[in-house]
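Hello,

Here is the structure I promised to pass on to you. Please have a look at it first, and then read my notes below.

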Amino acid sequence: MSIRTNQHQFICAKCEAVLVLLDYDMNCPNCNRKFPNLPRDEKLFKDNAISTMMFYKRDHKMYRPLGFYIGSQGDMMLSVTYKFFDFLEQSKPDDDIKFFDEYISKIKLGDSEYLRKHYRDAIFPILQIYRNEGFEKYLKDKFGIAPRRFFPDWSDITAYIKNLIS
Ligand SMILES: [Zn+2]
């Protein structure tokens with residue numbers, strides 16, 4: 001089974017780095033350009049990551065789907081995030097910040113070293129939410145109600161609809 005989401009991606013006009021929307025106020029991790037007009041109606045990476053993780057974990061006891069399809073920078077970032085949280089829960093380190101730093105330092109990025117900062121900036125806020133209020137409370141506080149259900153594939157949508165009408 002594959003699972004897909006579309007993270008909002010954009011390209012830095014100065015250095016052409018392909019980036020994922022982490023915050024409405026952010027700088028390019030490569031050339032440090034401050035982006036003047038990021039779209040405020042696009043969902044932030046952390047909110048997509050947290051809602052997909054929460055539901056997938058609930059149903060499948062893990063964060064990273066086995067058939068996760070990677071076709072974009074945003075997919076790659078989700079994959080790295082899911083793997084981190086699975087690894088964190090398997091490893092149960094005493095110091096999760098140190099564990100996080102080691103994990104980030106080991107990601108293989110080829111000639112795109114600037115992505116290490118991008119991934120750090122993407123995942124660290126999620127780790128802070130995980131350590132503090134937890135994913136469920138974060139989503140409830142931010143969106144008021146339980147977040148939109150994320151559908152991994154058509155069979156899940158069918159099951160969901162059956163649940164609604166039964
Ligand atoms: Zn740039």
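Let me start with one residue: Tyr24 has 12 C-beta neighbours inside 10 Å and therefore counts as exposed. For that label, C-beta atoms are placed from the backbone, and a residue is exposed if 12 or fewer other C-beta atoms lie within 10 Å of its own, buried if 20 or more do, and partly exposed in between. Tyr24 sits in the loop between β2 and α1. Setting aside neighbours within four places in sequence, Tyr24 is in contact with Leu38 and Arg40 (contact means that the C-beta atoms of two residues, placed from the backbone, lie within 7 Å). Arg40 is 16 residues from Tyr24 in sequence, with 6.3 Å between their C-alpha atoms.

Two notes on how to read all this. Residue numbers start from 1 along each chain as its sequence is written. The model is predicted, so local features need pLDDT of at least 70 and side-chain atom pairs count only at pLDDT 80 or more, while totals for chains, interfaces and linings use all residues.

Now the overall picture. The protein chain has six helices and two strands, in the order β-β-α-α-α-α-α-α from the N terminus. Helices (H or I, at least four residues) and strands (E, at least two) are DSSP runs, numbered from the N terminus. Of the 166 residues in the protein chain, 22% count as buried. Among contacts between residues at least 6 apart in sequence, 53% join residues at least 24 apart.

The loop between β1 and β2 holds Lys14. Lys14 is also exposed, because it has 12 C-beta neighbours inside 10 Å. Beyond four places in sequence, the contacts of Lys14 are Cys28, Cys31 and Arg33. Lys14 and Cys28 are 14 residues apart in sequence, and their C-alpha atoms are 9.2 Å apart.

Next, helix α2, which covers residues 73-91. Its 19 residues should span 27 Å at 1.5 Å a residue, and the end C-alpha atoms are indeed 27 Å apart (the expected span is 1.5 Å times one less than the number of residues). Gly74, Met77, Leu78, Thr81, Tyr82, Phe84 and Phe85 are the buried residues of α2. They fall within an arc of 155 degrees when seen down the axis of α2, so they line one face of the helix; the arc is that of the directions from the helix axis to the C-beta atoms. Gln90 and Ser91 are exposed on the other side of α2. The buried residues of α2 pack against β1 (9-11), β2 (18-20), α1 (45-60), α3 (96-106) and α4 (115-131). Just after α2 comes Lys92, with a positive phi near 45 degrees.

Helix α4 passes the length check too: 17 residues should span 24 Å, and its end C-alpha atoms are 24 Å apart. Its buried residues are Leu115, His118, Tyr119, Ala122, Ile123 and Ile126, and they pack against β2, α1, α2 and α3.

Finally, the largest nonpolar core has 24 residues, of which Val20, Phe45 and Ala122 touch the most other members. Such a core is a set of buried Ala, Val, Leu, Ile, Met, Phe, Trp, Tyr and Cys residues joined through C-beta atoms within 7 Å. Two or more residues of this core come from each of β2, α1, α2, α4 and α5 (135-143). Leaving out residues up to four places away in sequence, Phe45 touches Gln7, Val20, Leu21, Leu22, Met77 and Ala122.

Best wishes
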